[in-house]
Amino acid sequence: MTQPATAPADGAARPATAPAGALVDLGIKACAAYGREDLAARLGKARGGLDDPAVHIVVAGEFKQGKSSLINALLGMAVCPVDDDVATAVPTFVRHGADKTATLVYDDNPPRREQVDFADLRRHVVESDQGSRVSRVDVTVPRKILAGGLVMVDTPGVGGLGSAHAAAGLAAISVADAVLFVTDAAQELTRSEVEFLRQAHELCPTVVCVLTKIDFYPAWRRIRDLNASHLRMVGDLPLMPVASPLRARAVRANDQALNTESGFPDVVKFVQERVGGGAATRRSADAAAEVVAVCDQLVSQFSGERDALADPAGAQRIVEDLNSAKRRVEELKTAAARWNVTLNDGTADLTADVDFDLRDRIRKITSEADDAIDEVDPADMWPEMEEWLRARISYDLLGNYTYLRRRATELSEQVATHFHEASGEAVGLLKVYNPTPLVEERPLEHRIELAKMTAGKQVMVALKSAYGGALMFTMLGSLMGVALGPIGIGIGVVMGHRGLKDEKKRQLERRRAQAKNAMRRYCDEISFVMGKDSRDTVRRVQRQLRDHYTGLAEELNRSTATALAGASDTAKRTQAERQKRLKDLDAELTRLRQLRERAAKLS
Amino acid sequence: MTLVERTRAALTRAATVYRGSGFDQRIAEVRERLDEPLRVAIAGRVKSGKSTLLNALIADRLAPTDAGECTRIVTWYRDGHTYRVTLHPRSGAPRQLRFTRDDGAIEVDLGGTRPEDVHSLDITWPSQALRGATLIDTPGIGSLSERVSRRAWELLAPDDEETPADAVLYLMRHLHAKDLEFLHAFHDTEVSRPNPVNAIGVLSRADEIGVGRLDAMASARRIATRLATDANVRRVVQTVVPVAGLLAETAATLTETEVRQLRAVAALEVKPAEELMLTADRFVNTLPELGLTSIEREALLARFGLYGIRLASTLLRQGALTTATALARELTERSGLTDLQEVLGSLFFERRDVLKARSALLALDSLARSRPRPGSPAVAAEVEEIVASAHPFNELRVLATLRAGWLGGKPAVVDELERVIGGTGTAPHIRLDLPPDAAAGQLRSAASEALLRWQRRAENPMTAHEMAVAARVAVRSCEGLLADLNGRAR
């Protein structure tokens, strides 16, 4: 992706989207002038996307690797609480704001928000014994580095990378723009860290590994080299060694040399340019593509009338063509349209396949857990069993989710292709009889292939609303409250020697049966809740796609209808009126063409 | 008859039953084990600092340590008259190996045997520290992929198996208590099985917790205290002690040269010293006027770590410590090793007869059950008799039940129970929660009061069944205490 020429070096990303913003505003004005509120609304949405740039950078990693310290050092102020013992327990979203504020978001329906004192943040963010239902904390701080819409997300490292929490983290990563993976220089990347990185890299293309605490570990260079070779296997991820305390010191003393020594300039540069700037470019491109599409619609609306005006003899034929185009576009809107059939059939298949995948996974887990329980005494292993089961299920749920995501994207692409084919035909009719050089030079290719660009995007919109809070993972914890005790273990003290062995065996069998029951009930519950959740998600994806393409068909319909009305009118006009109208239309078309050109350059 | 005597009697009976069956050697080994020092294994995941701690405990750099994974073979370190290394292959006869020791660690020449074919190495070394306990260094518990592994819970159940070690030190790094890795840390079943009666947790590499700040050990102590109250931890270890292993090892083997080099650092002004020790890189590369070469500085870092250098130079600057010996003592104290040795003393060594008898009985039981012969059922019955009736075992069993959280009751009562049955140490003053210098009369009256209290609890119909059983054990403990104290008085 190319950098926009205006991308500033200081990372204030707002100006980077300014040209695109101006362009969209022009487009909105044009739409309003031509009485196309529907298209104006569409551009309004694009404008909103530009104004709310929100680039999410998720900071992930094991327990106690210095994630919160990294964010604090990066921002140059103490935002996330740091402690030797207790860890961050709730995800913290740090964004830009004029004042320091902190807001707790509770896991209610609808989510409840409560403003708290910034100084009290520590009490709410670190883990505590009483289970609170705070699902995340929103923090705003007045830091320039965040001004471009950057949101730093501090994640809990609780439970290690093989745990349910980690799976929840990965689910969050799947909708993030970039990931900073934090590992300290105490030892090389562990197997679970590499595995986590691999999965994270699959879900989010931009992942950077940050090596922390290089001030404390003398052998950090060796660890760095070892890590670099591990990272090559994951996919050549960049590795940045840093010392957070040095950066904090450098910021306090305003010491440039110390800052360089801390290794932070690299991280800052990465965050600002590759993520901040890159995202701005991407957003500009998206908005510009919308403008191009809207221009094309408007051009097609006028070109029919213009052609009829320029060639009065052929006017009747043009009207006929437009009529047939209108019929086709109307067909697009019906339930029998091919894209609609594809969408409906595909959704049914998708639901069935995802459900089967989930059941299959749960079935495998159940049988594995059965075997494990047969091998051990649940009285010993229950806490570990619980964690293992929870982690195992989380990972399979994540696998199921990834599967759903992939299949939904495929479906979306298919629907897009079919819509494009059908609409292309209709739109093609509009351009066949275009005698003027103006349009000939630039064959009116209707860029309904928004398709390619938005195919995945529509799915992501649906998924983001479904997985915004990674809801499924938060409920995992609440179900597993199965207690196996108290078990009459003191019996050994009472019964003395004889029969002790048999009694023990009997009790062990009972515990195993109990454990298996509990485990099965838990898995049942999970597949029930998850089944409902994924069906809802698929339905949401379907609705999103349907609304999107119906909307497009509706816009096309209006464009065609307006063109038809214009072309029909020409017959009633006098010669002078025709000449005047032709001149007007040419002027309009030239303006539109210029706008389109500018937009095309940006997209 | 004491427990050890009863155990010996059972062994004698077994020796008669198994005479000429090919198991004479096995029984002789078990009998010898009763007379040997206590065997303490050091277990934990890879890179948790096992070999470093072992060196600190022996006060000699015997075990090779390295930043990479280092110990691959189970190695026994025991006291002896000569320096000797014996290799026990997985199959075949043990043989002696050549070894060298140039600078610190012993380097053993396996003589062509592949490490995976070696069952264990046996290093005999004349050492004061090894006279009290034989130490077993273990390779870290392997990969994460390893499935939930088997672990027996019951303390002295007849279906338990014998383990080579009598007691275990579990090394854990600072992990979250819900971490699977953390729970796995107790799954080293090769040399011993964790159990709250014969295991102590060590929060290792404690200086890393505060990233080398001077107050890092205070943080570590706080964390260890919290860990020790965690339900998952309580069921497997008695207590958790923080140790900065590297510093402990270095303190135990401190040289005059090193102290001289540290004095040069301590002689700096506070400001440049702080700048110098800000990062490991700076310590090696800046301030050439310090008069130490970069090689010397790297060596210092490798021996002390940044935390050790910061701490030692601060101590030296304060001027209270004038000799290398004084500095070594202070560093040992600060590293947490002194605390660990005290805990080892009160929880392992004072109870070594019980722990060793337990190991011997387990071995005997598994033999009697797996190799039946005429007369072997009687051996098994005798073992079961001892296990079920010997008071020390009843104490341990109640302790295990209590630690597993299966003994309900008021927290104050449960705490008192744990003390009285010797859960925090077996010395009378510890059991009675009195200061170490308590007078005999004071101890006696406290013991009588405790006896009455526990009798009341045992007989009270409102007491829950399990607590009543435990209270009866506590009554016996009190009676034993009184008998001891009266015997001492006479």
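In chain A of this predicted model, strand S2 (residues 92–96) and strand S5 (residues 134–141) run parallel and are joined by five bridges, and within this pair Arg95(A) stands opposite Thr140(A) of S5(A). S5(A) is also joined to strand S3 (residues 101–106) of chain A, this time by six bridges and in the antiparallel sense, with Val105(A) standing opposite Arg136(A) of S5(A). S5(A) therefore takes its place between S3 and S2 in the strand order of an open sheet, which in full reads S4-S3-S5-S2-S6-S1-S7-S8-S9 (chain A).

That sheet is formed by nine strands, and its pairing is mixed. Its edges are strand S4 (112–116) and S9 of chain A, each of which pairs on one side only, and neighbouring strands of the sheet are turned against each other by 25° on average when direction is ignored. Further along the same order, strand S1 (residues 55–61) and strand S7 (residues 178–184) of chain A pair in the parallel sense over five bridges, and here Val58(A) stands opposite Val179(A) in S7(A).

From the strands one can turn to helix H1 of chain A, which covers residues 18–33. This helix has 16 residues and reaches 23 Å from its first C-alpha to its last, a span close to the 22 Å expected at 1.5 Å a residue. Which residues of H1(A) are buried? They are Ala20(A), Leu23(A), Val24(A), Gly27(A), Ile28(A), Ala30(A) and Cys31(A). Seen down the axis of H1(A), these buried residues fall within an arc of 160°, so they line one face of the helix. The spacing can be understood from the general geometry of an α-helix, which has 3.6 residues a turn, so that residues three or four places apart point the same way. On the face of H1(A) turned away from the buried side, the helix carries the exposed residues Ala22(A) and Ala33(A). Just after H1(A), Gly35(A) takes a positive phi of about 70°.

Elsewhere in chain A, Asp255(A) lies in the loop between helix H8 (244–253) and helix H9 (256–262). Is this residue buried, exposed or partly exposed? Asp255(A) counts as partly exposed because 14 other C-beta atoms lie within 10 Å, whereas 20 or more would be required for a buried residue and 12 or fewer for an exposed one. Asp255(A) is 130 residues from Met385(A) in sequence, and the two are 51 Å apart in space, C-alpha to C-alpha.

Confidence should be kept in view when reading chain A, which averages a pLDDT of 75, with 76% of the residues scoring at least 70. In this chain the confidence is highest in strand S9 (residues 239–241), at a mean of 94, and lowest in helix H14 (residues 437–441), at a mean of 30. Over residues 429–455 of chain A the pLDDT is below 50, and this stretch has 58 contacts in the model beyond near neighbours in sequence. Residues 1–14 of chain A likewise have a pLDDT below 50, with 29 contacts beyond near neighbours in sequence.

Chain B, with 490 residues of which 46% count as buried, contains 21 helices and 11 strands. Among its contacts with a separation of 6 or more, 73% are between residues 24 or more positions apart. Nine strands of chain B form an open sheet with mixed pairing, in the order S4-S3-S7-S2-S8-S1-S9-S10-S11, and its edge strands, which each pair on one side only, are strand S4 (95–96) and strand S11 (240–242) of chain B. Strand S10 (residues 199–203) of chain B runs parallel to S11(B) and is joined to that strand by three bridges, with Leu203(B) standing opposite Pro242(B) in S11(B). Helix H14 (residues 337–347) of chain B packs on the sheet, where it touches S10 and S11 of chain B, and its direction makes about 170° with that of S10(B).

The mean pLDDT of chain B is 82, and 88% of its residues reach 70 or more. Two stretches of chain B nevertheless stay under 50: residues 142–160, for which the model has 44 contacts beyond four places in sequence, and residues 187–192, for which it has 23 such contacts. For the complex, the predictor gives an ipTM of 0.78 and a pTM of 0.75.

Conventions:
Residues numbered from 1 in each chain as written. Chains lettered and ligands numbered in written order. Predicted model: local features only at pLDDT ≥ 70, side-chain atom pairs only at ≥ 80, totals over all residues. Helix = DSSP H or I, 4+ residues; strand = E, 2+ residues; numbered from the N terminus. Contact = placed C-beta atoms within 7 Å. pLDDT = per-residue confidence, 0-100. Pairing = 2+ DSSP bridges. Axes fitted to C-alpha atoms, helices over the stretch in contact; angles between N-to-C directions. Expected span 1.5 Å × (residues − 1). Arc of directions from axis to C-beta.
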